[in-house]
Amino acid sequence: MADGTATAGIDAALERHRTELTGYCYRMLGSSFEAEDAVQDTLVRAWRGHDGFEGRSSLRSWLYRIATNVCLDMLSAGNRRARPMDLTDATPLAQAALSPRPDHTWLEPVPDARVLPAVGDPAEAAVAKESVRLAFMAALQQLPPKQRAVLILREVLAWKASEVAELLDTSVASVNSALQRARATLAQRSAAGAEGEVSDPLDEEQQKLLERYVKAFEGYDMAALTALLHEDAVMTMPPFDLWLRGPADITGFMSTIGASCAGSRLVPVRANGLPGFAHYKPDPDNGGFSPWAVQVLELSGGRITGFHCFLDTARWFPLFGLPLHLEAEAGEGEEGA
C-alpha cells in the first residue's frame with residue numbers, strides 16, 4: 001500500500017509539470033505532436049530515474065534538463081520547421097498551384113490550453129502567449145538548437161544564466177554568448193517583417209474586427225473581407241507551400257479555387273496565443289458542415305495581417321477537441337433544397 005501511495009505521489013508530482021513542459025518542448029520543436037511525444041518521454045524517464053534523483057536540484061529543474069536533452073536529440077537530424085513564407089516567395093494568383101510538402105516541413109499550430117499553464121501574474125502570462133505566436137515560433141526555428149534552448153530558458157522562462165549553465169553543463173559565459181547571438185538573429189527577423197499586435201485579452205477594437213471577419217467570411221462577402229485585410233496581409237495553407245500576399249490575391253483565391261468554402265461556419269478557438277477559428281465547410285453529401293481548416297489570425301493596426309489555414313483536419317480538429325461534423329441549424333440550406 002505504501003509503495004502504491006508513493007508511486008501515485010510521484011505520478012502526481014510529475015504530471016503537475018506537463019503543461020509547462022509541453023510549452024517548452026513545443027517552442028523547441030515547432031510541432032505540437034512532437035512536443036507531446038517529447039514530454040511523454042521526459043516523464044517516463046523521470047519516473048524510471050526518480051529513485052536516483054537525490055534532490056540536488058528542484059524537481060522542475062531536473063525535468064527541464066531531461067526535456068532539453070530529449071529535444072536536442074530529436075533536433076539532431078537538423079530539420080527546421082517553417083511557414084510557407086520562410087521557404088518560397090509569394091505566388092501571384094494567376095500562378096497559384098496547390099503543392100503539398102511533408103508534415104515535418106511545417107510549423108504546427110497548438111491549442112493555448114496545451115502549452116500555457118495558468119499563472120497569476122498577467123505580465124508572465126503575456127510573455128508566455130507572445131512566445132508561442134507563429135511569428136516568434138518561426139524565428140525560434142532559425143536558431144541552432146542550443147541557442148534556442150538558452151533563449152527560451154532565459155527570455156521566456158526567466159531562468160538565471162547560472163541555472164541555464166548548470167542545466168546545459170556549460171559556463172555562464174557560454175550561456176551569455178549564446179543568448180547574445182540568439183537575440184541578434186531574432187532582431188534581424190523582427191526588422192524584416194512586422195509581427196502582429198494582439199492584446200491579451202483582446203481589446204474592444206480587436207473584438208469588433210473579429211466579429212466583422214466572421215460576418216464577412218460566413219457571408220463570403222469579398223468586399224467586406226477586403227476592407228478588413230492589411231495591404232500586406234498574407235494567407236498560408238499548410239501542407240501546401242503556396243502563400244499569397246495582399247487582399248486582391250487572397251480574396252481572388254477565395255472566390256475561385258476556394259469558392260467551395262462559400263456558406264462555411266466558423267467556431268472560435270485559441271491557438272498560439274492568437275485568435276483563431278475552426279472552419280467548417282458545407283458538406284453536400286451528408287448535410288451540415290465538415291472540417292476544413294484551423295485558422296489562426298494575426299492582427300495589427302485594426303486590420304488582419306496574417307490568415308493562416310492549417311488544412312490537415314484529421315490531425316488538428318481532434319487536437320483542439322473539435323467535433324468532426326456540425327449539424328445545420330434550423331432553416332439552413334432550405335433555399336437550395
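**Rings, charges and cysteines**

In this predicted model, the charged end of K281 sits over the ring of W292, 3.5 Å from its centre. Another charge-over-ring contact involves R315: its charged end sits over the ring of W316, with 5.0 Å to the ring centre.

W316 also turns up in a ring-to-ring contact. Searching the whole structure gives ten aromatic pairs. One of these pairs joins F310 and W316 in an edge-to-face arrangement, with 6.5 Å from centre to centre and 75 degrees between the planes. Both partners are tucked away from the surface: F310 counts as buried because its relative accessibility is 5%, and W316 counts as buried because its own value is 4%. So W316 has the charged end of R315 over its ring and the ring of F310 as its edge-to-face partner. Elsewhere in the listing of rings, Y213, F217, Y220, F277 and F307 come together as one aromatic cluster.

Now for the cysteines. A disulfide is a covalent bond between the sulfur atoms of two cysteines. How many disulfides does the model hold? The count comes to zero. Why does C25 not form one? The cysteine sulfur closest to that of C25 belongs to C71, and at 3.6 Å it is too far away for a bond, given that the two sulfur atoms would have to lie within 2.5 Å. Looking from the other side, C71 is in no disulfide either, and its nearest cysteine sulfur is that of C25, 3.6 Å away. As for their surroundings, C25 is buried, with a relative accessible area of 0%, and C71 is buried with a value of 0%.

Terms used. Residues numbered from 1 in each chain as written. Predicted model: local features only at pLDDT ≥ 70, side-chain atom pairs only at ≥ 80, totals over all residues. Heavy atoms only, no water. Phe/Tyr/Trp six-rings, centres within 6.5 Å; stacked < 30°, edge-to-face > 60°. Buried < 20%, exposed > 50% of the residue type's maximum accessible area, 1.4 Å probe, protein only. Lys NZ or Arg CZ within 6 Å of the ring centre and 35° of its normal.
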